[in-house]
There are 4 protein chains.
Amino acid sequence: MKKTFDVAIIGGGIIGCSIAYYLAKEKLDVAVFESQQIGGKATSAAAGMLGAHSECDDLNLFYPFARSSQLAYLHLQEELKEISGIDIGLTHGGIYKLAFSESDKMQLLPTISLPTVDWFDADKVRKSEPCITSNVMGAAYIRDDVHVLPLSVCKSFSKSAQMLGASVFEFTNVLDMHKKDSSYVIKTTKGSFDSNLVVVANGVWSSTFFQNLGLEQKLVPVKGECISVFNDGVPLKHTLFHDHNYIMPRKNGKLVIGATMIENDWNEAPTLGGVEQLIAKAKSILPTITDLRLDSYWAGLRPQTFDQRPFIGTHPEQDGILFATGHYRNGILLAPATGQMIRDLILQKEVRKDWVEAFKINRLKPVLSRR
Amino acid sequence: MKKTFDVAIIGGGIIGCSIAYYLAKEKLDVAVFESQQIGGKATSAAAGMLGAHSECDDLNLFYPFARSSQLAYLHLQEELKEISGIDIGLTHGGIYKLAFSESDKMQLLPTISLPTVDWFDADKVRKSEPCITSNVMGAAYIRDDVHVLPLSVCKSFSKSAQMLGASVFEFTNVLDMHKKDSSYVIKTTKGSFDSNLVVVANGVWSSTFFQNLGLEQKLVPVKGECISVFNDGVPLKHTLFHDHNYIMPRKNGKLVIGATMIENDWNEAPTLGGVEQLIAKAKSILPTITDLRLDSYWAGLRPQTFDQRPFIGTHPEQDGILFATGHYRNGILLAPATGQMIRDLILQKEVRKDWVEAFKINRLKPVLSRR
Amino acid sequence: MKKTFDVAIIGGGIIGCSIAYYLAKEKLDVAVFESQQIGGKATSAAAGMLGAHSECDDLNLFYPFARSSQLAYLHLQEELKEISGIDIGLTHGGIYKLAFSESDKMQLLPTISLPTVDWFDADKVRKSEPCITSNVMGAAYIRDDVHVLPLSVCKSFSKSAQMLGASVFEFTNVLDMHKKDSSYVIKTTKGSFDSNLVVVANGVWSSTFFQNLGLEQKLVPVKGECISVFNDGVPLKHTLFHDHNYIMPRKNGKLVIGATMIENDWNEAPTLGGVEQLIAKAKSILPTITDLRLDSYWAGLRPQTFDQRPFIGTHPEQDGILFATGHYRNGILLAPATGQMIRDLILQKEVRKDWVEAFKINRLKPVLSRR
Amino acid sequence: MKKTFDVAIIGGGIIGCSIAYYLAKEKLDVAVFESQQIGGKATSAAAGMLGAHSECDDLNLFYPFARSSQLAYLHLQEELKEISGIDIGLTHGGIYKLAFSESDKMQLLPTISLPTVDWFDADKVRKSEPCITSNVMGAAYIRDDVHVLPLSVCKSFSKSAQMLGASVFEFTNVLDMHKKDSSYVIKTTKGSFDSNLVVVANGVWSSTFFQNLGLEQKLVPVKGECISVFNDGVPLKHTLFHDHNYIMPRKNGKLVIGATMIENDWNEAPTLGGVEQLIAKAKSILPTITDLRLDSYWAGLRPQTFDQRPFIGTHPEQDGILFATGHYRNGILLAPATGQMIRDLILQKEVRKDWVEAFKINRLKPVLSRR
């Protein structure tokens, strides 16, 4: 078993696997350490909406980052298919961000102002999606927001990285790491490994390493629960989105209904209360959904930072340690751009200064949080 | 493959398997024909409450039949375990039939009048089950109502019957049957079989054969949906019952929440609307249930007759044909008594006259239905 | 509920749904009656290989029919996606029909003679697929053989048909049908329906109706068992095929391993013996497959006719009855061509005479069967 | 949330939960920290054989410990049912430890010498279990070896402990612990807790803490894979055991087939190779098992110490730390005795000296290992 690497990545979710892929392409010698199975945690719980527009209300800084990541997916589809044989399930169709009231509509104004977004009034919305509730007032139609199958993306990153020479260790807990000479010793349940660089990328569990690395930052889990139903009869072409909830038509004929927001809950299983809330919300958007057959249910933990922006960058004091975590609701969307940014930081290529500042782990907490 | 039998039973649910067991014990040569798998339909969807008291408001005729069946289970537990190695999962504990209003309480009066039933006021109920909603007014405590694992009962009947010489044909559709000389030819997907007697016992699908046998009776499906949750923390010892709904603690630590009543729905899968209704009802009884993790969900079709009493008996005109179907909400409860009654009819033993009259398939429809 | 139709199709598998789709496109008023769920039986058990070349050794008659069906899928992909929103999962990649001996190679000669097929020697095969056993002697590389997701095809046919006006009745058993005046009365568990034409298309269970319709033909079930594994590390791009067995890489990163051939077994569940046989065969082709994690297992019943060709055509004597069944190993491959042929027969369009003769239900049994 | 405890137990498997139960009964204030769900790892993978005789060839020391644990289960059954409502699934029936050769029989001699064990020759074995292979030479019949449902035992310990006042934290990773004044600060993903005593009881992952606590001992995972089948027709009353493999009849009518022994494999999922090996072994014992339907498959990691005896006792130097791990193949069997021994060590009750010596973590490695 290979024991020495250029870069060790802790966490085999979509973020860690994206980084592994982009580094392996540059012929760096990469290892991914995953405590369970590749993509088995928050990644496989995500619906996979690439909502560069629907999730971003900060148009100057966060939106361009998200948008570049969204566009990267268009290239990745073929690239990853070619190398790994796995299809990422990219689906076009666009999103309707619904408004049920004037106040809803007000909140959509910045989104509507984007060149690729249109305002549809109730008639137009219901002509296109006749099963939507008649309570709808209109919708921002975001034609560029697409979705992917998150677990397939993660597996295609992971398998492609392996085909390019990376090592992926599943069921391997990282117990500890410490500097020795110019590199790091990483102690795991599978023995010790050496690596010049370490990237901490294991979602909400990254906090574990913050402490040991002398950092006081925190990640708070925000649990999201989802259900899916078999849609054998209701026509629905667009993802319907309202107030952090959505109904997304999958290419396999199912609808995904998501997602609750339970702050500070580490329990990774859906509760009866969560399911009830999802059904109530879905019904208020698409009344006939109650006739559909239940297919499945699941949950995952979003890693939330104090300002809901990810931590992407280097350790402020300790050489050789990088972070790529805290992606909150947007891990799937931001995976390619995060992988590219970490690659560029490692290869000392140019990276947009405002992104470096915005995502560095030791950025200042605003006196008044935006939430 | 054996091709000639004394008795052919159509339907390998709990009713058909109980009959097979009681006949095989008498050394009759029995075959069971099941289109799918033993116990795979309504049987495995049932919660298994043996509610002789909770389900019966007719104390003169139906209650004694149900009660005799309930008591038969006490013997069967050991008997079936010994022969088949399968445990039927008999669980004591009793049922609380809850009252939330004076009118609820009025409806419980006949039940409370039974010698084995007590009235508990709100304090007493909540002392015993502290998590019940404070809206409860009281409960009829039916200490003798127990429950079983329906699929285990069915499999232990089936396997015991086989150990005693019966033949069980799974994945075998009965296509047609007709009299030839003094016996019946039964055409199935596995070929033709001969049998002196035929018992139609395939639940709501028994209607199929009614037509061919010149009968106009009908069975209407009443779909019931259920969910189960993992109960790792809430204390609950008794089954809570209200208005056809129940929360039942299983010996494996799960709670079963049932069941909806969707008349005339043949779809055997639970819908989102059904699940929503179950959660709402469960919450109104046991508020903390919303914190529990969802485990599973399923549905089944109860076979309902015009007066909600089963059809148990012989064909009014055609020799050699018997019926044992239409058990509605009470298939699990009534399986032993039904098996015994069919056995006694076949062996020409004495059977209570009022039961014969009450359950015969050609009984008269009341001018005003009881419902 | 609509009660009168132009065409009633018995069976909601891929054959029945394809017919429904092609007829609904022609604005015929179509109903599909499915006893369980759409595509739930043999359709969802199939791997979905469109082996026009790999399955056909009769190059004059059967191959052109299969090939036309295979090509139809290329158009259907977009067409069905557009109407139903469901993707049929068409995957290119080609098949390696492996030879382990000279005798294997001899059997491949007709296939190799086709213009779209090449012979690869062992070196070339192992260069392209380095994990194949070193025992391989060579392979016929059939570059045009692709595969689809059978359940997705079936659901996209079914939903598209519905979007075009068809009615699909799930959980609906057809009990009986008889002619009344110029149309048929179809008795089902959901009541009676009238239809001018009836198409019997319910796979191996079609036999049921043969008898009632005065036919002596038979369908014999040939059970096929499959397993799938998670392939997170082994590179494999082509389907490997040998002696009715195959290892097929799915676009989601899994490998499907199929399929056993158990004649006259109606049991729709995989046995331990079947799984053992699949693993042994897979290991003999791809030795490292034993390291992969088991994902799932299932089985289905192929409907086999006396000469392993389907029954597609009209009843020899009874007007208004058609058959589309007996597709044996090739139901997925032949679904589009079958749907088109039934459509053309109904609309009295031209149909190739040799196909009509070859597939008619009352064709003569050869004195010596080809098997 | 309560933050200060008398005893913190790391690990919510059957060992940790047994300890919690026995301590909570003594009114100690106990917390269990489980990184996933109660009993979700090795516990739920175990078959639950209480093989005091079948697993122990050391009759002086290990057997009495195991036997006392086995006997404790007889009391626990009622006790845990009463408190938690959960049934541990204790099943009598006994084990046949099979011999296929003289050498097999030689190895059984110490077992046969026990007063509760008998030697049955081939005839007697096959008379009792007619489906066993005719290759069998005889068997040690261990009538006192019973089995339980491991997950039910674990959940009943956990829930009973909670009913008695214990706190159980699921989905809670312990990140670090250190002494502060006279107690321990335990850092977890749910925040920091204080406890006077800490018990390390998280199976093969306990190694993590050995390092931090200055110990050089190691635990090696020995992966065990299992499958289960539906047994609807084969009579089998006793567990059949040969060479670390077994076929165990469950009370629900299924057979559990286990278990492989894959040393140093951390992967918690069954592979195709493992399943193949299990089927081959099962077939060699019970040939007709290949006809049975596959039900499920799973795997778990046994924590193995250098001499295959558990580590139960106090830290050799550091006050307040205890260990209860390394139970290898016998975690279910030894859970009650381990819980009692830890309780007695904590309460400074008398504990057998030879057990203390045999199980202390700093015992000497023999110059020649027994394996």
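## The loop before helix H8 in chain C

C:Asn264 sits in the loop between S16 and helix H8 (272-285) of chain C. The model is predicted. In it, C:Asn264 has a positive phi of about 70°, although this residue is not a glycine. Most residues other than glycine have a negative phi, and most peptide bonds are trans.

## Cis peptide bonds

Where does chain C place C:Ala259? C:Ala259 lies in the loop between strand S15 (254-258) and strand S16 (262-263) of chain C. The peptide bond from C:Gly258 to C:Ala259 is cis, with omega near -25°.

Chain A has a cis bond too. It joins A:Gly258 and A:Ala259, and omega is about -20°. A:Ala259 is in the loop between strand S15 (254-258) and strand S16 (262-263) of chain A.

## The contact between chains B and A

Chain B and chain A each bring 23 residues to their contact. Together they bury about 1800 Å². Carbon and sulfur atoms account for 67% of that area. Which three residues supply the most of the area that chain B buries against chain A? They are B:Leu272, B:Leu294 and B:Tyr297, with 38% of it. The size of an interface is often given as the accessible area lost when the parts come together.

Charged and polar pairs also cross this interface. There are 2 salt bridges between chain B and chain A. One of them links the side chains of A:Glu276 and B:Lys283, at 2.9 Å from N to O. Side chains of opposite charge can pair when their charged atoms come close. Polar contacts between the two chains number 13 residue pairs, counting pairs with both residues at pLDDT 80 or more. On the side of chain B that touches chain A, three elements give two or more residues: strand S12 (220-230), helix H8 (272-285) and strand S17 (293-304) of chain B. H8(B) gives the most, with 7 residues. This side of chain B divides into 13 nonpolar, 5 polar and 5 charged residues.

## The contact between chains D and C

The contact of chain D with chain C takes 23 residues from chain D and 23 residues from chain C. The buried area is about 1800 Å², and 67% of it is on carbon and sulfur atoms. The salt-bridge count between chain D and chain C is 2. D:Lys283 pairs with C:Glu276 in a salt bridge, with the closest N and O atoms 2.9 Å apart.

Polar contacts across this interface come to 13 residue pairs, both residues at pLDDT 80 or more. Strand S12 (220-230), helix H8 (272-285) and strand S17 (293-304) of chain D are the elements that give two or more residues to the side touching chain C. Which element gives the most to that side? H8(D) does, with 7 residues. The residues on this side of chain D are 13 nonpolar, 5 polar and 5 charged.

## How the copies are related

A turn of 180° and a shift of 0.0 Å along the axis lay chain D on chain C, with an RMSD of 0.0 Å. That is the relation of a two-fold axis. Which residue of chain D comes closest to the rotation axis? D:Glu276 does, with its C-alpha at 3.0 Å. Of the interface residues of chain D, 100% are also interface residues in chain C, so the copies meet through the same surface.

Chain B can be laid on chain A by a turn of 180° and a shift of 0.0 Å along the axis, with an RMSD of 0.0 Å. B:Glu276 is the residue of chain B that comes closest to the axis, at 3.0 Å (C-alpha). Here too, 100% of the interface residues of chain B are interface residues in chain A, so these copies meet through the same surface.

## Salt bridges and the start of the chain

Over all chains, the structure holds 64 salt bridges. One of them is formed by B:Lys2 and B:Asp29, with the closest N and O atoms 2.7 Å apart. B:Lys2 lies in the segment before strand S1 (4-10) of chain B, and B:Asp29 in the loop between helix H1 (14-25) and strand S2 (30-33), so the pair ties together parts that are 27 residues apart in sequence.

In an unreviewed entry, UniProt lists residues 7-24 of chain A as "transmembrane region". In the model, this span of chain A is 61% helix and 22% strand. Its end C-alpha atoms lie 10 Å apart.

Key. Residues numbered from 1 in each chain as written. Chains lettered and ligands numbered in written order. Heavy atoms only, no water. Contact = heavy atoms within 4.5 Å. Buried area = accessible area lost by both parts, 1.4 Å probe. Salt bridge = Lys/Arg side-chain N within 4 Å of Asp/Glu carboxyl O. Polar contact = N/O pair within 3.5 Å; in protein donor to acceptor, adjacent residues only side chain to side chain. Helix = DSSP H or I, 4+ residues; strand = E, 2+ residues; numbered from the N terminus. Nonpolar A, V, L, I, M, F, W, Y, C, P; charged D, E, K, R; others polar. Least-squares fit on C-alpha atoms with pLDDT ≥ 70 in both. UniProt positions renumbered as here; feature names shortened; annotations may be inferred.
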